[in-house]
Each structure stands twice: as C-alpha cells, then as structure tokens.
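Student: Can you walk me through this one? I have not looked at it before.
Tutor: Sure. Here it is.

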Amino acid sequence: MSTLSARNAWIQEFVTDYKAYDVRNFESLPQIRKLTEEQRFAIKVVAQVLPFKVNQYVVDELIDWDNIPEDPIFQLTFPQPGMLSEEHFNRVADLLKKGDRDELERTVNAIRLELNPHPAGQLEQIVPTFEGQRLRGVQHKYRETALFFPAAGQTCHSYCTFCFRWAQFVGMEDLKFAGREAETFADYLRAHPGVTDVLFTGGDPMVMKTRVFRRYLEPLLDPSLEHVQNIRIGTKSLAYWPQRFVTDPDADELLALLEKLVEGGKHVAIMAHFNHWAELGTPMVEEAIRRLRSTGVNIRTQSPLVRHINDSPDVWAKMWKKQVQLGLIPYYMFVERDTGPKNYFEVPLARAVEIYQEAVRQTSGLVRTVRGPSMSATPGKIEVQGVTEINGDKVFVLRMIQGRNPAWTYRPFFAKFDPRATWIDELEPYGTDKFIWEAEPGTWRNAS
Ligand SMILES: *Cc1c(COP(=O)(O)O)cnc(C)c1O
Ligand code: SF4
C-alpha cells in the first residue's frame, strides 16, 4: 500500500463515508457537461491553490444546474476563476498546461503564502500553553469559552470556496495526534474552572464517526467538569450532509449521544452553518432537523455574508424566516474574513450593515436574535451596528460583542465612515486617536 492510500484508509477509520469529488474526478459528474471546456479548466487551475471538495448530495440536491455559474451553491462549492488574481491564475494555468509538476508545486506554495493563510493571528495568539506545552487543537481567546479542533474533525463534507480555514485543508498531516487528544482537552478544562462553554469546531467535527466524537463528548459529563455547562458544536453538516443525522450507519448512535449530554444537564447547541435558503429545502435536511431537535439540543445558525452567494437582503430574510419556521435560532451574521480569495467574496461594511438591516426589517422578532454583521478580528468580535452622523460627520457605530478583555464588551464606539472599508483594520477611530483595545490593552488572562 502506498503512503497515500495508507493514510486514506486511516482517515476512513475515523470519519464517516460519503461520495465526494475533487479536482481529480469532478469531470466524471454528468452535470459538469453544462460547463464549457474553459470553465472546467479554470476549476482545475484554482483548485491547485485552494481546497476543493464537493459531495454527491450537494451536486444532486442543492445546485441548480440550469443556473450555472451564478447559482449560489455552485459558487459556494466550486472554485471560481475570480478567486485568484489574474496574475496568479495565469501563472498556474501556464504551468498546468506545461505539466511542470515541480515548478507548479513551488508556485502554488508561494501563492498560498501571499493569501494571508492565518488571519487574525490564528496561529500565534490564542493557542494556550498547558503544563509547559503549546496545546495544539485548543484556542482559548475569550474567558468563558474554549474552542476545540479535534484532529479527526479537520475536514468537511464539502468545502466552502470562501472558507478562512482553507489553509488547514491543504495538508492534513496532523491526524496522527488524534489518539491522546481527548484526554488532554479534558485535563485542560479541569484546570480552567472559569470555562462554562466549549465549542467544537473544525473543519467540521460532525465528519467524525460517533465512536470518535464520543471520546471528546462523554468526558464532559464527569463531575469534575460540571463547570462546563454549555456544549456547542459548529457544523455545516445540516447543509452539506444531513444524512449524518438520518441515514448514516451511526446516525442513531450520534443522536443517542447528544441526548445523553442533554439528560446529563448540559445545554447542547448545534451551531449550524447555513449560507442560503437553498440549503434548507430538501426533505433530508428537514428530517435531520426534526431528529436533532427531538434529542433536546438547540440549533442556532450562523453564516458569513459573501458576495456571489448571499449578498442580498431578500436571500437573508428568506433564509432566516425558513430557519425560524423549522425551529432554528438565528445567531450570527459574520463579515467575510481577510484571507484567501477575499477579493472575490468581500462586501464593504457599509453595504453589509444595509443588507442586515433591510433583511431584519422583513422579519418578525423571532429572527432578531441574530447579531451582525460581525468581524472576528484580533481584539474580538466587532459588530457594525449602523451608520449615523455626529456633528455633521458620517460615522460607523460599532460595539464589541466578545473581547479578549471582557471590560471592552458592549461598549459602543465610533469609526470614521468609509464606504469601501471591508475590515476593521481599514477603519480609523472617530473622536479619539485610539480604539478601546489600543487605549486599554490586555486580555482576560491579565484583566482584573
Ligand atoms: C465567537 C467565538 C466564541 C464564542 O463567542 P460567543 O459570543 O459566546 O458566541 C468563542 N471563541 C472564539 C474564538 C470565537 O470567535
Ligand atoms: S464547512 Fe466551515 S470549515 Fe468547512 S469549508 Fe465550510 S466554512 Fe470552512
């Protein structure tokens, strides 16, 4: 067995089965004949640099192949030519045509490094040190919530073209650390009684087989971890693979595990990632939601605002209304991060807050639990609340929903209006020369 197939066999051990396509076999999809030769080649070019994986359910049930390439789910899952700059695109296209594998690999790696692979200090700042070791797979940025990235959950049922975690998917070498990891998590939590919430994220932790996920979840019921009251699971599986909760061989076992956590006194929240109402329309997703809710878990929803996919108030209003009707609780609208193919997907903050407000106006109060548009930036989660005027100057009204320093939370602040700005680092404070995190630096680790 080659190293590659040995690794694939190993991955099969840990993650659930589904038929997926990538750059090597997507041309075997019958629907792909709807694309021109040139469009297919463009997919191959972009997929050299950025991750690409799409499964049969998404292809057959979610994409409207009579609306290509504009269809939002096609934009969400298939690499698009505009995701690379013209210069990068042409360099990769030339090398691909020449078949120069070595030069292609060097070029692709260089391009990836230019795309800000680890935004908001993902790597350095928030990985905690525990018993003298840097703890891989844990991020502890906000006092009350610890994030876990289980090693076997660092893939997804399909990949989103805009994903800021893209750098994780292009090399999956860390799987071998999976074995001991669950115990390290539990030890870390025992040593941190201030943590009330844990959030499992990825990739998508729901790609893990139930017997693997159980090793992380069951220890949370131990009396020594009573302070962990709320368990969140960030997942896009309801959109990409609702079979996970209905027909997968271990679907029932998974539901029983979630029910056990609820019965053990935990609040279990599925943080479901939906980008478009088209993901909420199949009998399979409705059945998955019905079954999940019957276990007593809550389902909250979140999504970034992304150009070409959902940059219209009507799309959001329709999606949120459908979610509420199905018993889901809208939670966050995010601003697309400053990484990877950002130029293709970004929406200016001024437009983002308009879309948010126009969408919310079309709904009832049950939708208005949703916060946004929010930027997960280095100092914290910053919500754009609106645009207003102070002494004749146009300004953004902002607030920090979560701060590295809890003292910053919910204090309104202002920035000079800029119609083109797409991220906090492009804004200037208004009426003062520093933002709160610059004027009063610190984190919960050293805050009094
Ligand atoms: C959003 C987020 C959380 C959770 O914040 P809430 O306001 O409790 O939803 C925790 N950790 C990180 C790194 C986050 O980005
Ligand atoms: S499901 Fe989440 S982690 Fe996976 S590709 Fe999409 S946004 Fe990224």
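Student: How many positive and negative side chains does the protein have?
Tutor: There are 54 positive and 59 negative ones. The centres of the two sets lie 2 Å apart. Keep in mind that this is a predicted model.

Student: What about the overall build? How many helices and strands?
Tutor: The protein has 16 helices and 15 strands. Its C-alpha trace spans about 55 × 55 × 45 Å along the principal axes.

Student: How does the radius of gyration compare with that of a compact globule? What are the values?
Tutor: The two agree. A compact globule of 448 residues would have a radius of gyration near 22 Å, and the protein has 22 Å.

Student: And what share of the residues is buried?
Tutor: Of the 448 residues, 57% count as buried. On the outside, the protein exposes about 19,600 Å². Carbon and sulfur atoms supply 49% of that area.

Student: What part of the contacts comes from residues 24 or more positions apart?
Tutor: Such pairs make up 73% of the contacts with a separation of 6 or more.

Student: Let's go inside. Which residues of the largest nonpolar core touch the most other members?
Tutor: Phe78, Phe200, Leu238 and Trp320 do. That core has 106 residues. Helix 2, residues 37–49, gives the largest share of the core, with six residues.

Student: Is there one core or a second, separate one?
Tutor: There is a second, separate core of 21 residues. Among its members are Ala350, Met400, Trp423 and Phe435.

Student: Back to Phe200. What is Phe200 in contact with?
Tutor: Leaving aside neighbours within four places in sequence, its contacts include Phe148, Pro150, Phe213 and Tyr216. Arg232 and Gly234 are also among them.

Student: New topic. Where are the cis peptide bonds around Gly203 and Pro373?
Tutor: One joins Gly202 and Gly203, with omega about 10°. Gly203 sits in the loop between strand 7 (197–200) and helix 9 (210–217). Another runs from Gly372 to Pro373, with omega near -20°. Pro373 is in strand 12, residues 371–376.

Student: Why point those out?
Tutor: Because most peptide bonds are trans.

Student: What is in contact with Gly203 and Gly202 from farther along the chain, say Gln168?
Tutor: Gln168 touches both Gly202 and Gly203, and also Gln154, not counting neighbours within four places in sequence. Gln168 lies in helix 7, residues 166–169. Gln168 and Gly202 are 34 residues apart in sequence, yet their C-alpha atoms are 9.1 Å apart.

Student: Is Gln168 buried or exposed?
Tutor: In between. Gln168 has a relative accessible area of 28%, so it is partly exposed.

Student: What is phi for Asn391?
Tutor: Phi is near 45°, a positive value in a residue other than glycine. Asn391 is in the loop between strand 13 (380–390) and strand 14 (393–403). Its relative accessibility is 75%, so Asn391 counts as exposed.

Student: And what is phi for Tyr410?
Tutor: Also positive, about 65°, although Tyr410 is not a glycine. Tyr410 lies in the loop between strand 14 and strand 15 (412–416). With a relative accessible area of 44%, Tyr410 is partly exposed.

Student: What does Arg399 touch?
Tutor: Tyr410 is one of its contacts, outside the four nearest places in sequence. Others include Arg371, Glu383 and Phe413. Arg399 itself is in strand 14.

Student: Why does Arg399 count as buried?
Tutor: Because its relative accessible area is 15%, and the cut-off for buried is under 20%.

Student: Where is Lys53, and is it buried or exposed?
Tutor: Lys53 lies in the loop between helix 2 and strand 2 (54–55). At 14% relative accessibility, Lys53 is buried. Beyond four places in sequence, its contacts include Tyr18, Tyr21, Cys156 and His157. Lys53 and Tyr21 are 32 residues apart in sequence, and 5.6 Å apart from C-alpha to C-alpha.

Student: Last one. Where is Gly281?
Tutor: Gly281 is in the loop between strand 9 (267–273) and helix 12 (283–293). Gly281 is exposed, with a relative accessible area of 52%. Its C-alpha is 9.7 Å from that of Ala239, which is 42 residues away along the chain.

Notes: Residues are numbered from 1 along each chain as its sequence is written. Chains are lettered from A and ligands numbered from 1 in the order in which they are written. This is a predicted model: local features need pLDDT of at least 70, side-chain atom pairs count only at pLDDT 80 or more; totals for chains, interfaces and linings use all residues. Side-chain values use heavy atoms; hydrogens and water are left out. Helices (H or I, at least four residues) and strands (E, at least two) are DSSP runs, numbered from the N terminus. The radius of gyration is taken over C-alpha atoms; the globule rule is 2.2 Å times the number of residues to the power 0.38. Buried means under 20% relative accessible area, exposed over 50%, partly exposed in between (1.4 Å probe, protein chains only). Contact means heavy atoms within 4.5 Å. Accessible areas come from the Shrake-Rupley method with a 1.4 Å probe; for residues, only the protein chains shown count as cover. Lys and Arg count as positive and Asp and Glu as negative; His and the chain ends are not counted. The place of a charge is taken as NZ of Lys, CZ of Arg, CG of Asp or CD of Glu. A nonpolar core is a set of buried Ala, Val, Leu, Ile, Met, Phe, Trp, Tyr and Cys residues joined through side-chain atoms within 4.5 Å.
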